[in-house]
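I opened the model today to look up a few places in the chain, and I am keeping these entries so that I can follow my own reading later.

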Amino acid sequence: MKIHEYQAKAILARHGVPVPQGEVVFNSADARAVAERLGGGTVVVKAQIHAGGRGKGGGVKVVKNPAEAESAAAAMLGMRLVTYQTGPAGQIVQRVLVEQGLRIARELYLGLVIDRASERPVIMASREGGVEIETVAEETPDRIFKEAVHPATGLNAFQTRKLAFALGLEGPQVGQAGKLMAAVYQAFMDSDASLLEINPLIVTEDGQLLALDAKMNFDDNALFRHPDIKELRDAAEEEPLEVEASTHSLNYIKLDGTIGCMVNGAGLAMATMDIIKLAGGEPANFLDVGGGANAEQIKNAFRILMS
């Protein structure tokens, strides 16, 4: 399950991660009011959708006063924002985040994922913040620094210092980075997250570290332990058929092909899709009904498959 940036920042803030001041709004008049509460100066208006690349698509605007904040919000709300992650169909913007403007000296990257090979959480950091980390990993993998975290001992201080030095941080910033990384790791573990990204993690001109952006994904199988997080789900950001499938305990992902697939077992489903591709076809979907599906689930699976 994915959540919005402002929701991820709220989770991080509860764990002690420094984030910019800001509020989410659903209309332009409220955007003006928030900008006024933030001091009436420079603020950033950010479209809230479940996709990256919002800035290049026109979904992030730096404005100088509350009137400009209202105008920027009015232009964003209801727009179809197209980014490299949304595909050509784009996503309708239904809410925007209005945040304080900050003087940025450096942009860094910080992330946490589950590494299935080592069976441990891995914390990643890079000096190349503010860009797609996938591009950095492909073109200059030596610029990404990693530390695997043993679940029994947690994130150790020597690991955070090692990453802080790799990022080129000095003096008091090393201690700041250590506390921030520890808080980020705790937020990741406490929420059963499968991915946590701060891109960029900024260093301000006065030497403070803040999470300027945040992205969190969660393990669906653990949501029963987190009803508060489950309530953050925004079904409007998801494919309607995928939302409906989840209500019937079906694992469905819509694709662009023409050959429908319904399989019991994720591994067999992946193999079936591989065979279709090998034969020159394109699967229309991934649909795993599981090994214990009943007649009602199969009926709903067929209906979704033929929609």
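The entries below follow the order in which I looked things up.

**Entry 1: what kind of model, and which domains**

I note at the start that this is a predicted model. I looked up the domain assignment, which gives domain 1 as residues 21-100, domain 2 as 104-228 and domain 3 as 239-306.

**Entry 2: strand β6**

I began with strand β6, residues 96-100, and found that 4 of its 5 residues are buried, so that it is mostly covered, buried being under 20% relative accessible area. I then asked which strands are joined to β6 by bridges. Strand β1, residues 22-25, is joined to β6 by 4 bridges, and the two run antiparallel; in this pairing Glu23 stands opposite Val98. Strand β2, residues 43-47, also runs antiparallel to β6, with 5 bridges between them, and here I found Ala47 opposite Val96.

**Entry 3: where domain 1 and domain 2 meet**

I looked up the distance between the centres of domain 1 and domain 2, taken over C-alpha atoms, and it is 25 Å. Domain 1 brings 6 residues to the contact and domain 2 brings 4 residues. The two domains bury about 390 Å² between them, and 24% of this area is on carbon and sulfur atoms. Of the area that domain 1 buries against domain 2, Lys46, Arg54 and Tyr84 supply 55%, more than any other three residues. I also noted 2 residue pairs in polar contact between these domains, both residues of a pair being at pLDDT 80 or more, and 1 salt bridge across the interface.

**Entry 4: Arg54**

I followed Arg54 further, and found this residue in the loop between β2 and β3, the latter being residues 60-63. Is Arg54 buried or exposed? Its relative accessible area is 8%, and because buried means under 20%, I wrote it down as buried. The side chain of Arg54 meets that of Asp213 in a salt bridge, at 3.1 Å from N to O. Beyond its neighbours within four places in sequence, Arg54 is in contact with several residues, among them Glu5, Lys46, Ala47, Leu81 and Asp213.

**Entry 5: Ile114**

I turned next to Ile114, which lies in strand β7, residues 104-115. Ile114 has a relative accessible area of 39%, so it counts as partly exposed, between the 20% and 50% limits. Its C-alpha atom is separated by 8.8 Å from that of Ala193, although the two are 79 residues apart along the chain. Leaving aside neighbours within four places in sequence, the contacts of Ile114 include Phe188, Ala193 and Ser194.

**Entry 6: backbone angles**

I kept one reminder for this entry: most residues other than glycine have a negative phi, and most peptide bonds are trans. Glu119, which is not a glycine, has a positive phi of about 60°, and I found this residue in the loop between β7 and β8, exposed with a relative accessible area of 68%. Asp192 also has a positive phi, near 55°; its place is in the loop between α6 and β10, and it is buried, with a relative accessible area of 19%. In strand β10 I looked up Pro200, which is joined to Asn199 by a cis peptide bond with omega of about 15°.

**Entry 7: helix α8**

I ended with helix α8, residues 240-247, whose buried residues are Leu241, Val243 and Ala245. What covers these buried residues includes β13 and α10. After α8 comes Ser249, with a positive phi near 60°.

Terms used
Residues numbered from 1 in each chain as written. Predicted model: local features only at pLDDT ≥ 70, side-chain atom pairs only at ≥ 80, totals over all residues. Heavy atoms only, no water. Buried < 20%, exposed > 50% of the residue type's maximum accessible area, 1.4 Å probe, protein only. Pairing = 2+ DSSP bridges. Domains from an automatic or database assignment. Contact = heavy atoms within 4.5 Å. Buried area = accessible area lost by both parts, 1.4 Å probe. Salt bridge = Lys/Arg side-chain N within 4 Å of Asp/Glu carboxyl O. Polar contact = N/O pair within 3.5 Å; in protein donor to acceptor, adjacent residues only side chain to side chain.
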